[in-house]
Amino acid sequence: MHLFKDLDGFVAFRRATAAIWRTNSHKFSPTDEGILVSYDKDDNEERGGWSVRKREDEKRKRQETDATRIHYHCSACSHFCLKLVVPLTELPARKTDGSRVVDMAKDLVHLMCAKGGVKLLKREKGTEKQFRYNCELCDLCVGYRPVSYEQETKFMYVLPEALSRRDAEQQQTKATNKEIDLSGDGTEIVEPKTDLAPS
């Protein structure tokens, strides 16, 4: 016995299924959780469905984990570059240039830098080749790796004073300070400038 009586019913079913697959996990903005398509008729929020609970648990775990991570931004333009498990100050430093040694498997959570090309430097024992990482926004060199970008490496090095630390609490304070103070009628409150000379 066939599930569909005609070809049109089968085509409509396939189109509907394809539409569900396309929209599953779709985000209307980067901060959205994403659309969750559940194939179980009993799996809904009123019944405390498994997929709803799983999504809430995963979101809570992500927030708890991200709160412990340390964000580093470019010292020149404040663009986000690195997310680490431990502070840079606790990582070992190279004797040659004072760069902090980052274990890419253990310490690094997220790297958002552009490839900055190759730099050849003279050292006491010969030459050193650095494959550099630059800030994506202002092109400042923030670190480097000892081998080419295509090869796997255990370590990368962050140049001293190239990055500034921003943890979750500092980011929240900065965001709060940037908010515009509005009165009840929706007009902006502007403080008078006292540093200008009278005209």
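Here are three short exercises on a predicted model, each with a worked solution.

Local features need pLDDT of at least 70 and side-chain atom pairs count only at pLDDT 80 or more, while totals for chains, interfaces and linings use all residues. Residues are numbered from 1 along each chain as its sequence is written, and side-chain values use heavy atoms, with hydrogens and water left out.

**Exercise 1. Work out which strands stand at the edges of the open sheet of five strands.**

Solution. Start with the vocabulary: strands (E, at least two residues) are DSSP runs numbered from the N terminus, and two strands pair if DSSP finds at least two bridges between them. Next, read the order, which is E3-E8-E7-E6-E5 with antiparallel pairing. E3 and E5 (114-123) each have a single partner strand, so one side of each is left without a neighbour in the sheet. Finally, add the geometry: the twist averages 35° from one strand to the next, with axes taken as lines fitted to C-alpha atoms and angles running from 0 to 180 degrees between N-to-C directions.

**Exercise 2. Follow E7 and find its partners and their bridges.**

Solution. Take E6 as one partner: E6 and E7 pair in the antiparallel sense over four bridges, and Asn-134 stands opposite Cys-141 in E7. The hairpin of these strands has six residues between them, and there Asp-139 takes a positive phi near 70°. Now turn to E8, which pairs with E7 in the antiparallel sense over two bridges; Tyr-144 has Tyr-157 in E8 as its bridge partner. Then check the cover: five of the five residues of E7 are buried, where buried means under 20% relative accessible area, exposed over 50% and partly exposed in between (1.4 Å probe, protein chains only).

**Exercise 3. Classify the ring pair of Phe-131 and Tyr-149, and place both residues in the chain.**

Solution. Recall the rule first: rings of Phe, Tyr and Trp (its six-membered ring) pair if their centres lie within 6.5 Å, and planes under 30 degrees apart count as stacked, over 60 as edge-to-face and the rest as tilted. By this rule there are three aromatic pairs. For Phe-131 and Tyr-149, the centres are 5.9 Å apart and the planes are at 85°, so the pair is edge-to-face. Phe-131 sits in E6 (residues 126-134), and Tyr-149, 18 residues away, sits in the loop between E7 (141-145) and E8 (155-158). Both Phe-131 and Tyr-149 are buried. To finish, widen the view: ring pairs link Phe-131, Tyr-133 and Tyr-149 into a cluster.
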